[in-house]
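Dear colleague,

I am handing over the structure below, and after it I set out what was found when going through it. Please read the notes with the structure open beside them.

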Amino acid sequence: MNAHDLIAAWGVLLRSSETDILQLVLRAPYQYKHYQIPKRTGGVRDIFHPTPNLKAIQRWLVANPLSGLPVHESVFSYRRGLGIRDHATMHIHSNFLLRLDFSDFFPSIDESWLSDFLFTQVALGRLPIDMDAIPTLIRILCRFSKVDRTMALSIGAPSSPMLSNAVMFDLDEHIKQQCAELGCTYTRYADDLYISTRTPNTLGCAEAALRKIVAERTPRLKINEKKTINVSKKTTRVVTGLVITPDRRVSLGRELKRSIKTQVYLSSIGALGPEKTSRLGGLLAYVRDVEPDFFIALCAKFGPAILEQLLHREL
């Protein structure tokens, strides 16, 4: 599939002329709307949503030519049928846990890195695109930043999650191999990397190996030192927001459970408010997936009808 084939396919998708699609490709890196959402840990996160037509093309790319790109088995983010409970379960049998976090993950995957990756995937036969079409793909997949004058993946674009997973495949494989040699389990969820083991005094070696691999293979990625966590079974171990209990179960944690019980009670007496009640419905859907035993306990305490009404309201 060459650049002309892509333009023609996008014209059919958007019911637009070739001229209109060419104009869209030229403007694409600048066609993003900026939002800010609060972070759980404080501050705000910058989100850049592409315009509807650009978003439609990005989704088409994910479903079609980009669908054959590799995703490592150690990755649990942005994969259909897998969630944070599956991810946390990978570490329940370990006594020691290390978490590291990449700073500015999506924006670190810039035009140069993505271009090199896509050219390699074409050469390997994983991407059914002609080499001369890659610059067109880059314009569709990357956002231009007015701040640092670069083009890179954007938080908010539907194509960024799967592309980030694919770009990281080589790094994930090398880290997993090194961790396996040390008797450790490695997983990644987006920009969060987790290593766990049952063997004392092993995580230090695993962390040193990981940092060396990152520095050599993905030098654009920087570890956020403020978020590095190294804990043992003697303290609370948290994996993507879920608590690993001393008896090796995945839990929401006592504090969140207590808050949910309070919110359900307030909702049952009409004292929660419509906006918080709607959010509670989404939270309960999350509870049902992550810790079904707790959801059953809520049903027993407040009645299935109240819980179902809250879930229905969320929908």
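In which helix is arginine 258 found? Arginine 258 is found in helix α11, and I begin with this residue, in a model that, please keep in mind, is predicted. Arginine 258 has a relative accessible area of 54%, which is why it is classed as exposed. Together with Arg254, Lys261 and Lys301, Arg258 forms a positive surface patch, and the largest share of that patch, three residues, is supplied by helix α11, which runs over residues 254-268.

The chain as a whole

The protein chain holds 14 helices and twelve strands, and its C-alpha trace spans about 60 × 50 × 35 Å along the principal axes. Of its 315 residues, 45% are buried, while the accessible surface comes to about 16600 Å², with 52% of it belonging to carbon and sulfur atoms. Among the contacts with a separation of 6 or more, 68% are between residues 24 or more positions apart. As for charge, the chain carries 41 positive and 31 negative charges, and the mean positions of the two sets are 8 Å apart.

Buried elements

Helix α7, which covers residues 134-141, is largely enclosed by the rest of the structure, because six of its eight residues are buried. The buried residues of α7 are Ile134, Thr136, Leu137, Ile138, Ile140 and Leu141.

A single buried position that may be worth locating on your screen is alanine 206, which is found in helix α10, residues 203-217. Its relative accessible area is 1%, and alanine 206 therefore counts as buried. When its neighbours within four places in sequence are left aside, alanine 206 is in contact with Leu182, Cys184 and Ile195. Alanine 206 and leucine 82, by contrast, are 124 residues apart in sequence and 25 Å apart in space, taken from C-alpha to C-alpha.

Two positive phi values

Most residues other than glycine have a negative phi, and two loop residues are therefore set out here with that background in mind. Asparagine 201, although not a glycine, has a positive phi of about 60°, and it lies in the loop between β7 (192-197) and α10. Threonine 240, also a residue other than glycine, has a positive phi near 45°, and it is found in the loop between β10 (237-239) and β11 (242-244).

Which of these two is buried and which is exposed? Asparagine 201 counts as exposed because its relative accessibility is 78%, whereas threonine 240, at 14% relative accessibility, counts as buried.

Salt bridges

Side chains of opposite charge can pair when their charged atoms come close. A search of the whole structure finds twelve salt bridges, and I describe some of them here.

The side chains of aspartate 110 and arginine 220 meet in a salt bridge with an N to O distance of 3.1 Å. This pair links distant parts of the chain, since aspartate 110 is in the loop between α5 (105-108) and α6 (111-123) and arginine 220 is in the loop between α10 and β8 (222-223), with the two positions 110 residues apart in numbering. Arginine 220 counts as partly exposed because its relative accessibility is 35%.

Aspartate 247 forms a salt bridge with arginine 249, and the closest N and O atoms of that pair are 3.0 Å apart. Arginine 249 has a relative accessible area of 42%, so it is described as partly exposed.

Aspartate 101 and arginine 99 also form a salt bridge, in which the closest N and O atoms are 3.9 Å apart. Both of these partners are buried, as aspartate 101 has a relative accessible area of 4% and arginine 99 has one of 19%, where the cut-off for a buried residue is under 20%. Salt bridges that share partners join Arg99, Asp101 and Asp192 into one network.

With kind regards

Technical notes. Residues are numbered from 1 along each chain as its sequence is written. This is a predicted model: local features need pLDDT of at least 70, side-chain atom pairs count only at pLDDT 80 or more; totals for chains, interfaces and linings use all residues. Side-chain values use heavy atoms; hydrogens and water are left out. Patches are made of residues with over 30% relative accessible area and no salt bridge: like charges are joined within 9 Å, nonpolar side chains (Val, Leu, Ile, Met, Phe, Trp, Tyr) within 5 Å. Accessible areas come from the Shrake-Rupley method with a 1.4 Å probe; for residues, only the protein chains shown count as cover. A salt bridge is a side-chain nitrogen of Lys or Arg within 4 Å of a carboxyl oxygen of Asp or Glu. Lys and Arg count as positive and Asp and Glu as negative; His and the chain ends are not counted. The place of a charge is taken as NZ of Lys, CZ of Arg, CG of Asp or CD of Glu. Helices (H or I, at least four residues) and strands (E, at least two) are DSSP runs, numbered from the N terminus. Buried means under 20% relative accessible area, exposed over 50%, partly exposed in between (1.4 Å probe, protein chains only). Contact means heavy atoms within 4.5 Å.
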